[in-house]
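Please look through the assembly shown here with attention to how its chains are arranged and how they meet. The report is written for a reader who has both the sequence and the coordinates at hand.

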Protein chains: 6
Amino acid sequence: MSKFEYPQEIKRTIEALSKAESFKAVWHRQNPDQPMPSVAEMRALVDLMREILFPGYFGSSSTRPDSVKYYIGVNVERLYDKLRHQIYAGLCFGCGDPDSMDSDKAKARAAELSVKFIEQLPEIRQVLATDVEAAFLGDPAAQSREEVIFCYPAIRAITNYRIAHALYELKVPLLPRIITEMAHSETGIDIHPRARIGHSFTIDHGTGVVIGATSIIGNNVKIYQGVTLGAKSFPLDEQGNPIKGIERHPIVEDNVIIYAQATILGRITIGANSVIGGNVWITSDVAPNSKVVQERYRFGGFVWGDGI
Amino acid sequence: MSKFEYPQEIKRTIEALSKAESFKAVWHRQNPDQPMPSVAEMRALVDLMREILFPGYFGSSSTRPDSVKYYIGVNVERLYDKLRHQIYAGLCFGCGDPDSMDSDKAKARAAELSVKFIEQLPEIRQVLATDVEAAFLGDPAAQSREEVIFCYPAIRAITNYRIAHALYELKVPLLPRIITEMAHSETGIDIHPRARIGHSFTIDHGTGVVIGATSIIGNNVKIYQGVTLGAKSFPLDEQGNPIKGIERHPIVEDNVIIYAQATILGRITIGANSVIGGNVWITSDVAPNSKVVQERYRFGGFVWGDGI
Amino acid sequence: MSKFEYPQEIKRTIEALSKAESFKAVWHRQNPDQPMPSVAEMRALVDLMREILFPGYFGSSSTRPDSVKYYIGVNVERLYDKLRHQIYAGLCFGCGDPDSMDSDKAKARAAELSVKFIEQLPEIRQVLATDVEAAFLGDPAAQSREEVIFCYPAIRAITNYRIAHALYELKVPLLPRIITEMAHSETGIDIHPRARIGHSFTIDHGTGVVIGATSIIGNNVKIYQGVTLGAKSFPLDEQGNPIKGIERHPIVEDNVIIYAQATILGRITIGANSVIGGNVWITSDVAPNSKVVQERYRFGGFVWGDGI
Amino acid sequence: MSKFEYPQEIKRTIEALSKAESFKAVWHRQNPDQPMPSVAEMRALVDLMREILFPGYFGSSSTRPDSVKYYIGVNVERLYDKLRHQIYAGLCFGCGDPDSMDSDKAKARAAELSVKFIEQLPEIRQVLATDVEAAFLGDPAAQSREEVIFCYPAIRAITNYRIAHALYELKVPLLPRIITEMAHSETGIDIHPRARIGHSFTIDHGTGVVIGATSIIGNNVKIYQGVTLGAKSFPLDEQGNPIKGIERHPIVEDNVIIYAQATILGRITIGANSVIGGNVWITSDVAPNSKVVQERYRFGGFVWGDGI
Amino acid sequence: MSKFEYPQEIKRTIEALSKAESFKAVWHRQNPDQPMPSVAEMRALVDLMREILFPGYFGSSSTRPDSVKYYIGVNVERLYDKLRHQIYAGLCFGCGDPDSMDSDKAKARAAELSVKFIEQLPEIRQVLATDVEAAFLGDPAAQSREEVIFCYPAIRAITNYRIAHALYELKVPLLPRIITEMAHSETGIDIHPRARIGHSFTIDHGTGVVIGATSIIGNNVKIYQGVTLGAKSFPLDEQGNPIKGIERHPIVEDNVIIYAQATILGRITIGANSVIGGNVWITSDVAPNSKVVQERYRFGGFVWGDGI
Amino acid sequence: MSKFEYPQEIKRTIEALSKAESFKAVWHRQNPDQPMPSVAEMRALVDLMREILFPGYFGSSSTRPDSVKYYIGVNVERLYDKLRHQIYAGLCFGCGDPDSMDSDKAKARAAELSVKFIEQLPEIRQVLATDVEAAFLGDPAAQSREEVIFCYPAIRAITNYRIAHALYELKVPLLPRIITEMAHSETGIDIHPRARIGHSFTIDHGTGVVIGATSIIGNNVKIYQGVTLGAKSFPLDEQGNPIKGIERHPIVEDNVIIYAQATILGRITIGANSVIGGNVWITSDVAPNSKVVQERYRFGGFVWGDGI
């Protein structure tokens, strides 16, 4: 074999991988005249929103009072242009027949959705300010509100969630999920964009937190690492597919604290002002003002080869 | 002190850090004629494999039927060249005496292993298609199979695992671990490349999942965030080193569901069709068709200073 | 509307977001003559320290005995220049009145702190060597010490912690937190820089581990994924702010092992040589040499719609 | 002045620069729904064409006979997508009223022009092969044809010219000029895309060569550095604007050599097989088979202060 | 020799190159507390100025009338911060004793110079508009003013010159030269920042143009490629160093055209409305309204081996 | 046509371009086990050499006397590793049969050549110091030697030449040409690596300078922009190929000055201490101590349409 050839196995594998039947189940067909949604672009977009929402912390925003308005102006315009591009890119992702999309209508729709989203930014900033305050007051180790905004993964995750939720409510497809998964990857906090969460929400440490799609969380709620607000199993339709849209996750009322690793499943209600201890498994309602903890541990419960 | 000098303490520290006895326990000596394994390169390699396995989703692959074969051809050739380079780089990483390596033999071995791995790609794609299907059917919040492939961290982690496992079976050193740790960092899902996992495997949310080296998982298994398939303590040899290669992780049979935060330790078997509730600690066999849950929680179990 | 204009809603939103009352709670004002602390720079700095501490593994360090000293020399000098820049940048982050800072004094202070930190690098390397050894001996799946240093997330997280702790002890603001959050994001391991941890410390898998600010950990301790050393609730001062600096996290004595997902809260002591089983919730002292596990699970504890 | 404000002069200058009358003569208004032409993108596009035309030299093209077709396939598809994007971007650059453009028609036109251009690539490659051969035969210092293709600025400039000329002939606006200016900047060779040039064309060294818009060059012509084929002055229309499109540059017939720094101006003809010596100034026809040189220099023609 | 060592010659060369006497003539000592001037930063700075001067062409400036002011605001503030940083970096470059610099005074000086420069931007824009107009009117091949601004190397070079000249007049060291050399490298046009040039100045093609430090050019002057406005030899002082600051380059009065490759040396005057033909060598005054051309060429002036 | 297909013309063009007969004249076949020479890598390499030769100016070299040796050590080691890699890559570029190369021998040869080159760096630095001095003394506009090293294109071009010449003398193929072409592109100065040039060499401005392969230049020579030291036509061998290696370029003796745009062709000698005026064309010997200038220009030599 000359050095210039590669092995027959490689050639055969290329053939095998190029056959339509090999890739038909895992192939994405995007209309080539439409941009592909881009996780990298979405990351830049979310960074841009963070820069708009928290002036002076991220990106290269000015910290001079004289010029804040210039930065906001430039950044909001960029947001408008990039966001409608990405919304347009995602409009027919997974829609079955990309050939069918009317691209002019889709572009107009994307522009309209972008405007509606941008209008909500002042309100999103306002509720995030309550989350920052709650995180600062809730953590004796926090040095300043600035440190909370700049460093705390929970603020990062909640910001992504609040952005994603606003897009979700506008029925923008795909992007909300990309935005919350981005935070999930960076912080280990997985909040479904459909969940509804009140003001002054805090998550401490946060790794492993899961908040499912139909969860409803009141105001002043605090959640620790590893807490799950999840679903029990779910009914299937006649074709064996899960029935979409059923309310299947918990309702957590105002002023609840849930400690680390608690798993709370199903459409149950954790009553206001309750405290849920760590590592418990809860699948039925908890009355308001309750405190619940795990059954006490045992001693000597298992044996290792020859101990440690 | 002139502005051009730096403090004596810096000079002394450089001396201290440069002494062989200071770094001998934490120094890596790579043959300078051999490339260093590179996490950045491995990341690019795994991205390339993802692009090959799921055409049209990642990278810049075409989404036109006419040209898929060109992209597959280019990408597989690149994979062949980059992979054998990295395998060669890792062949004597940690082998004790890098001076001893015969570089021609090592290169030939790396090429041969690359070919053997590449030949498995069609099969890896096929089993990943079953994982995608399982994730889609198992999540009422999933909008489309496209969304699952594009966004779900579990698919990303399982893809890395299936690639790493194939390399592990070929006895490629180091790289399998790098590949699964990459997914671990991005998704919080830590699957050892040695583990054996059947088709139609799903992980939901996933952060905190640990699947140990000698675990065996059947078909149609579903695991939630925070689940551990781990080992109890392990025997040491006469030098006090752990004895390698003992089967010490669980066997999970077909159609099992394990809920969030369950910890399952040791070479035990979770029988087929069982459901394991969240937050339980299991160190002995569970019979097929079982449902097990945590002992019910108590109320009022602990007292805070002055409550919340 | 001409194509060149954007919608009135965008203009109005720019106005709304640019009003001082809209951003005053979430705005950062940095002295424009002082650099902004930079997470990207801090990442590069920590990479540089890793390169210094573990020669030959990271960056482009030589692996030739002849030239290690050149690389150490260049890298320590770079560290000195970059670190004092970042310390200076962070000195008045969140200090209330950036106008008040004397920049010459602040620069001198930053240089002095950098020197004091750099002097500790040889010692940090020494204790990290014990952590590497413990990780290697504690994991039967580890192939070599090289693999542990190169791949294990726990070593990455513990390295960041030991660097951050040294900076914390020097009272460097902000940066310690950035450094541990960096590891938190990459590995899911969240160790507060204030925590005190002995030698030969290991974390296995690690995702979800939380070690709170006032925790004290002895020597030869091993912790698995999902373990929390946390605080119970904490007293507030008269203004309703949490009282800072109270010792509120556990003490873990020498030779303790804590299994996955255990949650240990409050200023309690886990006595030496104890083994804590997974998924337990502990809020009071555990005597030395204890083994504790979760109460045994129940069968059939909850009902799904129609099973799985 | 607080540190947070900037000087009044800056504010005033921002006002001054933002007034419409200040920028109206130097402002570009692009339809915001249309991409901006991008020099960086055009650079990437020309690199892509070079990779297609000269397989194995540039980019990451394979050098294996088995896989050349995959690379050509991928690269031509990318070229098609990127080129029509840039043509579309340039279609109304400088057209006066960007609002007037029908974007669907413009996109279709851009696609059509891209196809017509791509069809010419095989022919462009063929004529470039004659240029490479001429450069190799014409330079005793050339080591191999490979070196000529890989290193010679003239081949780079002529490639850009031949690409730009094909686009110019298709009446693609703006891009041809960007492409030849790119070569001008890199090589100092300035060939107008409208010029017509035969096969086996060589330029030696090349810096300072200028070939004007209406020049016509035959086959087997060789030109040295600093040669100008330019225009004399040109007539103006009634508004004082230069009249466009007049043939005002030289015709150079087959087999002519023009030595360094010769300046040849106006619609004159340099007859076949002539040799033009360096540094001459020619503004009228030269008969075929002529050899012309500068009038002989004088001695002692000028005096420096006190000599050198 | 072990694979881990490198040859003795390398070690010896490192020693040789590290000896102070080896590098003392070619070493730069910068105060380590002061930034190093950066060509890359200067490139970014000039790009930023181009974006400010020509809105909508370069960078990512808006092309919407509504938002131009935001972009100008952001860009001018960035310019202010970056420019004073670079001016400060260059203030003691080559000043002999970097230790001697008072850094607070130097910073204040840099800020003051930046403000003075920025104030001139509106005027610079105005005169550049006349240059653009002249280039457009002077080139029958120009399609539009937009094309001239976007593509013409002369506009790029003249912009750099006008910026550099303003900085030169403010006595900013080093940076003016960096800025004109940047244009020199990109366009082959070398204009000394000290030269004085009137409005409506054009250079056609431009490669090889040299305009020396003490040149004075009137209004409406046009220069072709390869034209030199240079100095004859210059007097030396008693130490043999050239005497600085003598007026030694030509004066070119209004409405002059100079054709390609003309070389004009010494403090002579080319009178108004003159036309200088290409390739001439002029070292004495030319009266107004003159037309001068090279002596006519000869035929058959030299002999090649056997012709061409 | 579905949106997912591209036009038939594209498909046909891919076929046409992929046929071996289409690309055989312009195809490069590199041994796939050997790296491709890389212009980007060579650029980095030359930057590295510049950093070594002129400490403190380029790259991130220290400017502290204490640490210069560390930077030299690191940079020389990097140079050794990168240079032998590139030499190896170029060894069989254009050698006809890449299959024939013995890669172990080629690698050893590349290492040996790298060592021999590196040994010459101290001497190269020494002669470059004379060039810097000559440029500084020869230009009244030069502010300092630092400015000359940092900004002057001639120093950049001469540095590249002196590096390339040393490699050329060691018979390293391809790379010398790449290195001088790099300078050619950046500065417009084209010096063939084979030319021999004495110490204290200066080029002023430089654009358009050409120094041919067999030129010999003495000490203290100064050359202005646009000067050519070229060849007349050259004899062909029996196959019509140019005969390689004939001495065909000028000899320029010590202390000569050549003014702008002079063209000097053939194996002639410009005697010591001569001054050559600009724009002359010289094809025969000039005696030592001569001053030669162009024949005086004429007035009114040509007529434009209606003047200017």
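What follows covers the relations between chains, one interface, and one residue with its surroundings.

## Relations between the chains

The model is a predicted one, and the values in this report are to be read with that in mind. When chain B is laid on chain C, the RMSD is 0.0 Å, and the operation that does this is a turn of 120° with a shift of 0.0 Å along the axis. These two copies are therefore related as by a three-fold rotation axis.

For chain D and chain A the superposition likewise gives an RMSD of 0.0 Å, here by a turn of 180° and with a shift of 0.0 Å along the axis. This is the relation of a two-fold axis. Among the residues of chain D, the one that comes closest to this rotation axis is Asp104(D), whose C-alpha lies at 4.5 Å.

## The interface of chain D and chain A

The contact between these chains draws 17 residues from chain D and 17 residues from chain A. Of the interface residues of chain D, 100% are also interface residues in chain A, so the copies meet through the same surface.

About 1,400 Å² is buried between chain D and chain A, with carbon and sulfur atoms giving 41% of that area. The rule finds zero salt bridges across this interface, and it also finds zero residue pairs in polar contact when both residues are required to have pLDDT 80 or more. On the side of chain D that touches chain A, the elements that give two or more residues are helix H1 (8-18), helix H4 (68-90) and helix H5 (103-118) of chain D. H1(D) gives the most to this side, with three residues. Sorted by class, the side of chain D that touches chain A holds six nonpolar, two polar and nine charged residues.

## Glu181(F) and its surroundings

Is Glu181(F), a residue of helix H9 (residues 175-187) of chain F, buried or exposed? Glu181(F) counts as buried because its relative accessible area is 10%, whereas the cut-off for that class is under 20%.

Within chain F, the side chain of Glu181(F) is joined to the side chain of His184(F) by a polar contact of 2.9 Å. Once the neighbours within four places in sequence are left aside, Glu181(F) is in contact with Asp190(F), and also with Cys151(D) and Pro153(D). The contacts of this residue thus include residues of chain D as well as one of chain F.

Notes:
Residues are numbered from 1 along each chain as its sequence is written. Chains are lettered from A and ligands numbered from 1 in the order in which they are written. This is a predicted model: local features need pLDDT of at least 70, side-chain atom pairs count only at pLDDT 80 or more; totals for chains, interfaces and linings use all residues. Side-chain values use heavy atoms; hydrogens and water are left out. Copies are superposed by least squares on the C-alpha atoms of residues with pLDDT of at least 70 in both. Contact means heavy atoms within 4.5 Å. Buried area is the accessible area (1.4 Å probe) that two parts lose on being put together, summed over both. A salt bridge is a side-chain nitrogen of Lys or Arg within 4 Å of a carboxyl oxygen of Asp or Glu. A polar contact is a pair of N or O atoms within 3.5 Å; within protein, one must be able to donate a hydrogen and the other to accept it, and residues adjacent in sequence count only if both atoms are side-chain atoms. Helices (H or I, at least four residues) and strands (E, at least two) are DSSP runs, numbered from the N terminus. Ala, Val, Leu, Ile, Met, Phe, Trp, Tyr, Cys and Pro count as nonpolar, Asp, Glu, Lys and Arg as charged, and the others, Gly among them, as polar. Buried means under 20% relative accessible area, exposed over 50%, partly exposed in between (1.4 Å probe, protein chains only).
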